[in-house]
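Got your viewer open? Load the model and let's walk along the chain, one selection at a time.

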Amino acid sequence: MRFQQQRKQLCSRFYHSLPPICKAYGTACLVATAAYQIGLYNPVYIALIYENVFYRFQIWRLFTNFFFLGPFSINFGIRLLMIARYGVQLEKGPFDRRTADFLWMVTFGAFVLLVLSAIPIFWSPFLAISLVFMLVYVWSREFPNAQINLYGLVSLKAFYLPWAMFALDVIFGSPLMPNLLGIIAGHLYYFLTVLHPLAGGKNILKTPVWIHKLVTRWRIGAPPPVSRGQPANNAQQDRGHHLSASAIIGHDGSIWAQSSSFPQFKAQEVTDIMKDFDEPGHLAPTGLHLAGAKYMVIQGEPGAVIRGKKGSGGVTIKKTGQALVFGVYEEPVTPGQCNMVVERSPLLPLLAMMFKAQEVTDIMKDFDEPGHLAPTGLHLAGAKYMVIQGEPGAVIRGKKGSGGVTIKKTGQALVFGVYEEPVTPGQCNMVVERLGDYLIEQGL
């Protein structure tokens with residue numbers, strides 16, 4: 001009896017931890033299939049049949065067809081798990097605190113699928129599978145280098161997941177059209193929001209204002225980050241969704257940059273941390289101390305990353321060539337989210353680079369006179385980058401092999417981001433330009 005109660009609590013906790021859009025959509029699909037299984041309706045009455053939509057004004061078919069994943073079966077379970085895994089990772093990762101953007105992506109995908117399905121060769125009576133596969137495709141582009149084990153058969157990078165699943169459908173004789181439609185819709189969305197802007201074009205698929213108003217009015221998901229003029233209580237609510245404190249500290253203990261909330265550390269604490277990087281395991285017996293607070297050292301990456309845990313929070317420390325990058329977190333931020341911010345930021349390579357004054361001068365001149373760097377290229381620490389289209393006077397982008405650089409100009413500073421694979425140009429642009437926009441909002 002006690003075991004059953006614990007299992008119910010775990011299931012309830014998991015369900016309530018799901019982000020709002022994926023939770024609502026997954027629940028609706030489950031309810032639709034359950035209602036069909038007990039004979040409450042015939043799927044033909046919710047199928048996408050355009051003759052009935054236009055000639056009998058059965059408008060509901062444009063919406064209801066997106067909620068039927070088929071009868072209870074292994075395939076139904078797999079599709080539902082796709083929502084719970086890939087959709088949830090999208091909504092909690094790249095779309096974290098961007099509920100309106102995620103809802104707009106799903107809405108746009110549904111619209112594209114309806115248009116494609118109006119073409120006879122692409123027609124499908126139910127588009128739920130296609131919409132789920134669109135989520136999988138976008139996830140594969142956002143996390144291209146994640147390792148996936150496909151049904152225990154083969155391990156591959158996430159970038160190839162949609163195509164591998166498509167190939168398996170060919171082998172097993174499953175219908176190909178639903179997955180193909182999902183790939184088309186997903187790629188169109190990714191092209192218009194990431195690839196096209198990266199090539200210098202405008203983002204013509206910005207989330208409409210009415211979507212933002214809808215999300216705000218119904219209080220769906222976490223509110224977006226606040227700006228300086230918003231009330232203090234909103235800022236208090238916002239704190240829990242970002243790192244509690246962060247800092248960049250030189251190997252000698254000098255402060256390069258820190259958030260206002262970063263604790264006042266002691267020189268000996270930095271010395272002990274550096275010693276643990278040189279002699280992995282040094283901190284294990286005594287724990288990691290930061291501003292007098294003791295953290296239990298958990299498994300990191302010897303010589304590169306130290307991770308500590310204290311109650312519901314913790315700390316991640318990444319060592320670079322010249323500095324230590326600190327990230328301190330508390331719930332609801334997870335250890336994984338903190339690790340990702342601290343260990344994978346495209347700003348990290350800059351900490352190992354030595355700029356030349358002339359390089360910065362040339363960059364500033366290009367902001368004042370767009371096109372100045374085009375003939376000679378963009379030079380950074382002696383490395384030459386080919387200048388690609390940015391935003392004149394605001395953003396400079398450079399490419400070098402499989403990597404590149406993004407530079408955002410604010411009122412008082414330049415924000416640099418240098419990346420190499422597996423980080424994508426779009427991911428680097430997002431980090432650098434959003435940080436720059438935030439600094440501009442703060443008058444910096």
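Let's start with residues 21-39: the chain there is 89% helix and 0% strand, with 27 Å between the end C-alpha atoms. Keep in mind throughout that this is a predicted model.

Why pick that stretch? An unreviewed UniProt entry lists residues 21-39 under "transmembrane region", along with 59-82, 103-136, 148-168 and 180-199. Select 103-136 next. This span is 71% helix and 0% strand, and its end C-alpha atoms lie 15 Å apart.

Now show helix α6 (residues 99-117) together with helix α10 (residues 209-217). Their axes come within 9 Å and cross at roughly 120°, which makes α6 oblique to α10. The crossing of α6 past α10 is right-handed. Turn on side chains to see who touches whom: α6 brings Thr-99, Ala-100, Asp-101, Leu-103 and Trp-104, while α10 answers with Ile-211, His-212, Leu-214 and Val-215.

Time to zoom out and colour by domain. You want domain 1 (1-218), domain 2 (245-344) and domain 3 (357-442). The centres of domain 2 and domain 3, taken over C-alpha atoms, are separated by 29 Å.

In domain 2, go to strands β3 (residues 245-250) and β4 (residues 255-258). They run antiparallel and are joined by three bridges. Label Ala-247 and you'll find Gln-258 of β4 opposite. Four residues sit between the strands of this hairpin, and Gly-253 has a positive phi near 95°.

On to domain 3, 357-442. Which strands make up the open sheet, and in what order? Five of them, in the order β10-β11-β12-β13-β14, with antiparallel pairing. The edges are β10 (378-380) and β14 (414-419); each has a single partner strand, so one side of each is left without a neighbour in the sheet. Look along the sheet and you can follow its twist: on average, neighbouring strands are turned by 30° against each other, direction ignored.

Inside that sheet, pick out β12 (residues 395-400) and β13 (residues 403-409), an antiparallel pair joined by six bridges. To check one of the pairings, click Lys-400, whose bridge partner in β13 is Gly-403. If you display backbone hydrogen bonds, remember that strands of a sheet pair through them, either parallel or antiparallel.

Last stop: select helix α14 (residues 357-368). Helix α14 lies across β10, β12, β13 and β14, and runs at about 65° to β13.

Key: Residues are numbered from 1 along each chain as its sequence is written. This is a predicted model: local features need pLDDT of at least 70, side-chain atom pairs count only at pLDDT 80 or more; totals for chains, interfaces and linings use all residues. Side-chain values use heavy atoms; hydrogens and water are left out. Two strands pair if DSSP finds at least two bridges between them. Helices (H or I, at least four residues) and strands (E, at least two) are DSSP runs, numbered from the N terminus. Axes are lines fitted to C-alpha atoms, for helices over the stretch in contact, and angles run from 0 to 180 degrees between N-to-C directions. Contact means heavy atoms within 4.5 Å. Domain bounds come from an automatic or database domain assignment. UniProt positions are given in the numbering used here, feature names are shortened, and annotations may be inferred rather than shown by experiment. Angles under 35 degrees count as roughly parallel, over 145 as roughly antiparallel, 65 to 115 as roughly perpendicular and the rest as oblique. A crossing is left-handed if the near helix is turned anticlockwise from the far one by less than a right angle, and right-handed if clockwise.
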